[in-house]
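Reader: I've got this one open on my screen and I'd like a close look at one part of it. Take your time and walk me through it, please.

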Amino acid sequence: MAKRISILGSTGSIGRNTLNVIDSLQGAIEVIYITARKNVDLLVQQALKYRPSAVGIIDKEAAKIVENRLAGEQISVLAGRSGLLDIAARDDVDIMFNGLVGSSGMEPTLSALHAGVDVALSNKESLVMAGDLINTEKLKTGTTLFPVDSEHSAIWQCLVGEKLDDVRRIILTGSGGPFRARDVNTFSDVTVEEALNHPNWDMGNKITIDSATMMNKGLEVIEAHWLFGLEPNLIDIVVHPQSIIHSMVEFVDGSVKAQLGVPDMKIPIQYALTYPDHYPADWEALDLPAVGELTFEKPNLEKFPCIRLAYSALEKGGTCPVVLNVANDEVVAAFLNDHIPFTQIPQLIEEALDQHEWLENPDLDTISAISQWTTNYIHDQIAAIS
Ligand code: MG
């Protein structure tokens with residue numbers, strides 16, 4: 001019987017790849033719900049192709065257009081953030097695929113787990129902000145998180161058949177982004193276009209900027225902590241510019257397992273949907289002689305302070321990762337809109353971390369209050385700069 005799925009963020013880069021994977025799985029997965037922020041044309045096109053029972057669209061004006069275009073199609077339209085949360089909380093699916101961007105993805109993850117639905121998680125920000133709450137909810141409802149992030153999918157695959165007790169450390173690989181070899185003294189001149197030009201991965205704008213600052217790797221350290229239960233000092237980062245090794249696990253006897261593949265998100269997406277099986281796929285296979293060289297470097301924390309900020313937020317815990325994540329969402333948006341220079345990204349995040357009132361073990365209300373504080377703080381700082 002086909003697995004029933006909801007896809008949050010179906011018109012984004014990850015959502016579109018997920019639908020491509022579902023096409024190639026030929027009937028193994030049935031699309032029950034899809035949601036978008038405001039891309040009317042693509043959402044309607046997807047709705048007519050996959051015939052979900054409902055679609056969600058956050059932008060309320062766009063929702064009116066979608067409703068008109070889908071009139072008479074027996075597909076309901078849910079509008080606004082409340083429509084998205086309604087779909088996320090539905091229990092008539094087997095998997096909720098969370099392809100949302102940024103902090104907005106956290107609540108839907110918790111809602112799905114609460115409803116007893118397994119989650120395929122591309123939205124790493126969910127775990128950064130509420131890893132503890134998510135793990136508690138998972139335990140309570142006996143649900144599972146399937147990692148979609150390529151590094152975490154790699155570690156997950158390396159751990160199949162292994163015991164966590166036998167793990168000495170995990171090694172997250174990162175490409176180093178577009179500025180790995182660029183002189184740090186020119187970072188204040190970085191343009192949006194340069195930052196969006198990732199050498200290996202084709203991804204959405206937010207995560208591409210996170211790759212350029214290497215905050216993406218920092219967020220992934222926090223994500224790995226909550227997914228695999230390892231302390232921060234057991235999670236290392238190695239820069240690997242070719243993006244062929246997607247991450248590694250080192251065992252107590254010094255044996256190291258790695259997972260390799262072409263840098264294509266369809267592979268980790270498919271594994272999250274077909275776990276524990278590997279299904280045949282006809283996309284490009286890895287050609288090692290064509291790749292030639294695999295190289296490795298230490299990450300440069302002077303050049304990429306976001307990595308240091310993320311480790312320190314994880315070590316301090318409590319509200320720090322929330323502030324780190326929300327501040328990052330806000331400054332990345334400001335950089336993309338040309339409101340701040342590239343070098344202000346880590347500076348403003350660090351200021352927000354220093355200025356906020358730290359609390360231990362935040363519940364959902366505290367997370368939401370501290371998120372609001374962080375948004376306001378960053379907006380005020382940016383208004384003062386520009
Ligand atoms: Mg990743």
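Is lysine 266 buried or exposed, and what is its relative accessible area?

Author: Quick housekeeping before the answer. This is a predicted model, where local features need pLDDT of at least 70, side-chain atom pairs count only at pLDDT 80 or more, and totals for chains, interfaces and linings use all residues. Residues are numbered from 1 along each chain as its sequence is written, and side-chain values use heavy atoms, with hydrogens and water left out.

Lysine 266 counts as buried because its relative accessible area is 19%, and buried means under 20%, with exposed over 50% and partly exposed in between (1.4 Å probe, protein chains only). You'll find lysine 266 in helix α11, residues 266-274; helices here are DSSP runs of H or I with at least four residues, strands are runs of E with at least two, and both are numbered from the N terminus. Skip the neighbours within four places in sequence, and lysine 266 is in contact (heavy atoms within 4.5 Å) with Asn17, Asn20, Val21 and Trp283.

There's another buried lysine to put beside it: lysine 303, in the loop between α12 and α13. Lysine 303 has no salt bridge, that is, no side-chain nitrogen of Lys or Arg within 4 Å of a carboxyl oxygen of Asp or Glu. The nearest side chain of opposite charge belongs to aspartate 183, 6.9 Å away; Lys and Arg count as positive, Asp and Glu as negative, while His and the chain ends are not counted. What the lysine 303 side chain does reach is the backbone oxygen of arginine 180, at 2.7 Å. For scale, a polar contact is a pair of N or O atoms within 3.5 Å; within protein, one must be able to donate a hydrogen and the other to accept it, and residues adjacent in sequence count only if both atoms are side-chain atoms.

Lysine 303 also touches Phe187, among others. Phenylalanine 187 sits in the loop between β8 (167-174) and α8 (192-195), and is buried because its relative accessibility is 4%. Beyond its neighbours within four places in sequence, phenylalanine 187 is in contact with Phe179, Arg182, Lys303, Phe304, Phe342 and Thr343.

Finally, back to the loop that holds lysine 303, between α12 and α13: leucine 294 is there too. Leucine 294 is partly exposed, with a relative accessible area of 31%.
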